[in-house]
Amino acid sequence: MLARIIGPATGAAVFLFSAFALQAEDRAAPSGAETARPPGVVTFTFDDGLRSQYDLALPLLVDYGVPGTLFVVSDFADTADAASGLKTGKAQVFMTWDEIRAYQAAGWEIGSHSATHPHLSEHAPDRITAEIETAAQRIAEETGRRPAAFAPPYGDFDARSLEIAMRRHSSHVLAWDETGTGNRIASLDPARIVRLEVGSDMAPEIACAEVLRAAREGRWLVLMFHGFVEEDPGSYEYATGDFAEILACADYLRDAGLVRFATVTDVVEEAAATN
Ligand SMILES: [Zn+2]
């Protein structure tokens, strides 16, 4: 029955969850446990503002009621063609501002991923400033809000770009977690938020196990996705069916009270208020 609800491929996660629940029984039950906050926090983040994120992922996110942070590239959205789509066969097709606003309507935060997606560390401060400020202004004009979260393209940054970005944003979200230690809300550095990339080589069971690990270790797990395809994902792509399994698993762990979902800025503000 359980397998039918959450999907057969999440069986490994159910096993892990069962092991975790048994361990939890050994600990003293906290008073008022029914109102306790879940120990883990999970944030879904999508980069680049791709049309496939709108066509294939947004309907699933709405179904499961999952918020997150979408990092858009303002020039890509400015030049996106509403008539284009997956049918063109082009791997890089971008969302229009209308489609980005649909994400906003679904409870997603719209963050900045620069104006033209350059390697920021390779440019002079004037260009870095223009990239970051132009994107912030265009996103504010189109969404009604200046973006609070910034993700440097390719996860590439240096001390200058970090400083320029943090003057205009409340967080700086990196691409990969080279330390492997994840984020801890109690000691969060908002300038160095790390993410786990979920690419085609990561099975949904593994991603689900990471969600469970965040709950077990009381961490903030930030997942990074790029494009979506129905089948045969390449690099920087993920299969929609596998994504649905990750959502089903995360939803199951949310219902079990082990994790909650939030946007990047929700967590950054929570950390600022409590640290
Ligand atoms: Zn990118």
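Mentor: Two strands count as paired if DSSP finds at least two bridges between them. The model discussed here is a predicted one. The protein chain contains 10 helices and 10 strands, and we may begin with strands E1 and E2.

Trainee: What makes strand E1 and E2 a pair, and in which sense do they run?

Mentor: Strand E1, residues 40–47, is joined to E2 over 4 bridges. The requirement is at least two bridges, so E1 and E2 count as paired. Their sense is parallel. One position illustrates the arrangement: aspartate 47 has phenylalanine 71 of E2 as its bridge partner.

Trainee: Which residue of E3 stands opposite phenylalanine 71?

Mentor: Glycine 111 of E3 stands opposite phenylalanine 71. Strand E3 covers residues 109–112 and runs parallel to E2, with 4 bridges between them. Those 4 bridges satisfy the requirement of at least two, so E2 and E3 are also a pair.

Trainee: Why is strand E2 called mostly covered?

Mentor: A residue counts as buried if 20 or more other C-beta atoms lie within 10 Å of its own. In E2, residues 68–72, 5 of the 5 residues are buried, so the strand is described as mostly covered. The burial applies to both faces: Gly68, Leu70 and Val72 lie on one side, Thr69 and Phe71 on the other. For the protein chain as a whole, 43% of the 275 residues count as buried.

Trainee: What kind of unit do E1, helix H3 and E2 make?

Mentor: E1, helix H3 (residues 51–64) and E2 form a right-handed β-α-β unit. With the strands pointing away from the viewer, the path from E1 over H3 to E2 runs clockwise, and therefore the crossover is called right-handed. A second right-handed β-α-β unit is made by E6, H8 and E7.

Trainee: How many bridges join E1 to E7?

Mentor: There are 6 bridges between E1 and E7, which run parallel. Phenylalanine 44 stands opposite leucine 223 in E7. Leucine 223 also has leucine 196 opposite. Strand E6, residues 196–197, pairs with E7 in the parallel sense over 2 bridges. As the requirement is at least two, those 2 bridges are sufficient, and E6 and E7 therefore count as a pair.

Trainee: How many residues of strand E7 are buried, and which way do they point?

Mentor: Strand E7, residues 220–225, has 6 of its 6 residues buried. Trp220, Val222 and Met224 point one way, whereas Leu221, Leu223 and Phe225 point the other way.

Trainee: Why are H3 and H9 said to be roughly parallel to each other?

Mentor: The axes of H3 and H9 are 10 Å apart, at an angle of about 20°. Angles under 35 degrees count as roughly parallel, so H3 and H9 fall in that class. Their crossing is right-handed. The contact involves Leu56, Ala57, Leu60 and Tyr64 of H3 with Thr240, Phe243, Ala244, Leu247 and Asp251 of H9.

Trainee: What makes H8 roughly parallel to H9?

Mentor: Helix H8 (residues 204–217) and helix H9 (residues 240–255) have axes that come within 9 Å and cross at roughly 25°. That angle is also under 35 degrees, so H8 is roughly parallel to H9. This crossing is right-handed. Among the residues that meet are Ala207 and Val211 in H8, and Ile246 and Cys249 in H9.

Trainee: Why is aspartate 251 called partly exposed?

Mentor: Aspartate 251, located in helix H9, has 18 other C-beta atoms within 10 Å. A residue is buried at 20 or more and exposed at 12 or fewer, so with 18 aspartate 251 falls in between and is partly exposed. Its C-alpha atom is separated by 8.9 Å from that of glycine 65, and the two residues are 186 residues apart along the chain.

Trainee: What is notable about the phi of tyrosine 154?

Mentor: Most residues other than glycine have a negative phi. Tyrosine 154 has a phi near 60°, a positive value in a residue other than glycine. Tyrosine 154 lies in the loop between strand E4 and helix H7. With 14 other C-beta atoms within 10 Å, it lies between the limits of 12 and 20 and is therefore partly exposed.

Trainee: Where does tyrosine 236 lie?

Mentor: Tyrosine 236 lies in the loop between strand E8 and strand E9. Its phi is positive, about 60°, although it is not a glycine. Tyrosine 236 has 16 C-beta neighbours inside 10 Å, and therefore counts as partly exposed.

Conventions:
Residues numbered from 1 in each chain as written. Predicted model: local features only at pLDDT ≥ 70, side-chain atom pairs only at ≥ 80, totals over all residues. Axes fitted to C-alpha atoms, helices over the stretch in contact; angles between N-to-C directions. Parallel < 35°, antiparallel > 145°, perpendicular 65-115°, else oblique. Left-handed = near helix turned anticlockwise from the far one by under 90°. Contact = placed C-beta atoms within 7 Å.
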